[in-house]
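Here are a few notes to read with the model open. Have a look at it first, then go through the points below.

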Amino acid sequence: MTLASIPNPDLVVSPIDNNVHWNLANFRRHGYQNLHTIARYVMSIRSPRLLPFRKDIDFSIRERPDVARFVSVPHFCGFVVARDDRVLYEAYAPDFGPDKPHSVQSITKTLLNIMLGRCVADGLIDLNKRVKEYLPEIGTGYAEATVRAVADMNVANDYSDDGNAPVAITWSTIEAAAGMRSPADLATELTIRSLLCQITSDDLVNRTGHVIYKTANTELLGWIVERVSKRSLTSWLIEIVEGAGFEGSLHIACDCDGVPVLGGGASLSARDLARFGLLFARKGAGVDGGRVADGGFIEETRCDHGPPWPKPREGMYYSRQTTTNGTWIGHGGYGGQYLLANPDTGIAVVYMAVHENESGDSPGLYPPLINMMADLAAAQWPTSQQLMRQATSGT
């Protein structure tokens, strides 16, 4: 007897809007909280030692009208404000919790700021060199671009993050290579790096005056990092996870070659995303004081930024796989997530959400959300050392 297989229902693509089943409005919330089990190829990394969080709740945060608004909307999942080893405030939706993994989508890109910064500081990468000097095999879509332009989302080419754009390579194509949707041709196993080589362009200059956001840029930078460092991306991720002291696992989708999807494949808990944000808030120092990110590169990320975001995000700029306003460093994730860290105060703020509308996004909500998070990250709560001194002195 011959048995017939059927398509995996989670990975089926809708013929109407080219959207994968787990990312349809009615299923997106479940999909985001379970993407680490839905994707075909997923790597999980856990630290042997963790940064222990203790609650030191400041109830004035809860009483802020802007906070109350964002933790009560239907798309809300989780919210954490952290400094040092303290959770200053956290809140969760009934179907979520402090230890539950959640897709963070493009917040994953900030991993590249750490990897790239280390390579630049160690003299392995010159931001002003052309991509072809590191990847001679790359196609015309990136060959003549500088690494800086790629990192700052400042390159024009024939790739688009719009899955329905009339170009050969889109985010949908990379998503299929990452095992997060069924490929158009089941007989062909796509790989991220083969797709990058197919991207073309006859004019790389960004003439828009704003960010040209391309997830392919991130995957390209990961390839350069692996090539120049002679280290696998997996080893880089292990070092970052252990340096941040994650309690749970970093889950990250991969292609069939085991290449991690650095442009948007990570899932982790709200608390562990806060632990990751604290790496930036501590200017690159790991939980045991070791160098995880490069502090000088983090400072340059804030000061030497790339093109601006268009309205309604005026005053924000894209810089080396992060967004910054010159003070804080952050990044959003498709669906409603945001991570923001302030190296001046040592505070990291995490917001997780899932928009259950057709587009999966609501751009107008981001500016007030980011402003609220930036305001919280700028507050002058005492450090753990100051609290210890106060307790010792009895004041």
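**Notes on helix H9 and the core**

1. Gly245, just after H9, takes a positive phi of about 75°. Helices here are DSSP runs of H or I with at least four residues, strands are E runs of at least two, and both are numbered from the N terminus.

2. A word on the source: this is a predicted model, with local features needing pLDDT of at least 70 and side-chain atom pairs counting only at pLDDT 80 or more, while totals for chains, interfaces and linings use all residues. Residues are numbered from 1 along each chain as its sequence is written, and side-chain values use heavy atoms, leaving out hydrogens and water.

3. H9 covers residues 233-244, and its 12 residues should span 16 Å at 1.5 Å a residue (1.5 Å times one less than the number of residues). The end C-alpha atoms are 16 Å apart, so that agrees.

4. Which residues of H9 are buried (under 20% relative accessible area, 1.4 Å probe, protein chains only)? They are Leu233, Trp236, Leu237, Ile240, Val241, Gly243 and Ala244. Because they cover an arc of only 165° around the axis, they sit on the same side of H9 (the arc uses directions from the helix axis to the C-beta atoms).

5. Those buried residues pack against strands S1 (42-46) and S8 (249-253), and against helices H4 (110-121), H7 (192-198), H8 (215-229) and H10 (270-281). Contact means heavy atoms within 4.5 Å.

6. In H4, Leu111, Ile114, Met115, Arg118 and Cys119 meet Leu233, Trp236, Leu237, Glu239 and Ile240 of H9.

Definitions and conventions: Buried < 20%, exposed > 50% of the residue type's maximum accessible area, 1.4 Å probe, protein only.
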